[in-house]
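Work through the exercises below with the sequence and the structure in view. Try each task before reading its solution.

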Amino acid sequence: MQQHQHDHEHDPSTGHDHASWEERYGSATALWSGRVNPPLAAGAADLTPGRALDVGCGEGADVLWLAGRGWRVTGLDWSEVALARAAEHAAAAGLTDRVEWVRGSFEDWQPPVAAYDLVTAHFLHPTAEQRAVLLPRLAAAVAPSGTLLWVGHGYHEEAAARWGADRFVAAADVAAVLDPGEWEVLVAGSRPRPAGEDGHHPDDEVLRARRR
Ligand SMILES: C[S@@+](CC[C@H](N)C(=O)[O-])C[C@H]1O[C@@H](n2cnc3c(N)ncnc32)[C@H](O)[C@@H]1O
């Protein structure tokens with residue numbers, strides 16, 4: 001596993017700092033369902049497998065779904081516990097040779113330019129300041145004819161009060177970062193989450209775009 005480390009202060013007010021994520025993962029044997037996120041299944045099922053990057057891959061369900069369909073996938077996350085779990089799942093599924101895990105923060109990991117046929121990120125919820133750096137970086141990592149998929153929870157008042165409202169972004173505002181001469185926006189809007197998939201957040205904001 002590659003490592004890119006960065007010191008982050010413990011910030012229990014948002015629960016978005018590194019230590020809080022490690023605590024969350026350490027407090028349960030699995031935080032997530034292990035199923036692919038529906039916007040990825042909808043957006044990638046018809047794509048020709050190539051190289052993919054999943055930013056904030058957590059326990060690796062999306063990485064393994066892609067790898068199982070023939071993609072070579074890099075999963076980036078800063079949680080050691082989550083990535084160890086992801087690697088175990090990959091081994092159990094016989095997919096170790098199709099996946100690579102990178103431990104580090106999206107704040108200081110620089111993905112290679114134009115290297116991936118798919119760059120996907122689900123539920124990262126960076127601050128507006130972090131997003132202003134991250135989104136152009138992820139867009140630049142997409143190869144010509146490749147896909148960018150960005151998914152976040154829809155605005156939720158109670159979560160916004162705890163996390164900070166700027167951690168929520170509408171898909172249209174993500175689309176606005178992309179140069180229309182270089183990108184075709186295929187989906188930019190709110191999508192209901194299937195019943196039973198995280199009832200606290202009924203809607204996802206989904207941006208799917210194809211690089212020309
Ligand atoms: C809500 S979870 C989503 C996990 C996975 N994408 C999924 O949908 O199941 C957000 C993930 O982003 C990771 N994360 C948050 N901030 C990060 C950062 N600065 N750098 C790398 N990973 C980060 C967390 O460790 C966590 O695994």
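**Exercise 1. Place Gly189 in the chain and decide whether it is buried or exposed.**

Solution. Gly189 belongs to strand β7, residues 183-192; helices (H or I, at least four residues) and strands (E, at least two) are DSSP runs, numbered from the N terminus. The model is predicted: local features need pLDDT of at least 70, side-chain atom pairs count only at pLDDT 80 or more, and totals for chains, interfaces and linings use all residues. Residues are numbered from 1 along each chain as its sequence is written.

Next, apply the burial rule: a residue is buried if 20 or more other C-beta atoms, placed from the backbone, lie within 10 Å of its own, exposed if 12 or fewer, and partly exposed in between. Gly189 counts as partly exposed because it has 14 C-beta neighbours inside 10 Å.

**Exercise 2. Find the contacts of Gly189 beyond its neighbours within four places in sequence.**

Solution. Two residues are in contact if their C-beta atoms, placed from the backbone, lie within 7 Å. By this rule Gly189 touches Ala171 and Val206. For a distance along the chain, take Gly15: it is 174 residues from Gly189, and their C-alpha atoms are 26 Å apart.

**Exercise 3. Describe the whole chain.**

Solution. Start with the elements: seven helices and eight strands. Then take burial: 35% of the 212 residues count as buried. Last, consider contacts with a separation of 6 or more: 70% of them join residues 24 or more positions apart. The C-alpha atoms fill a box of roughly 45 × 40 × 35 Å along the principal axes.
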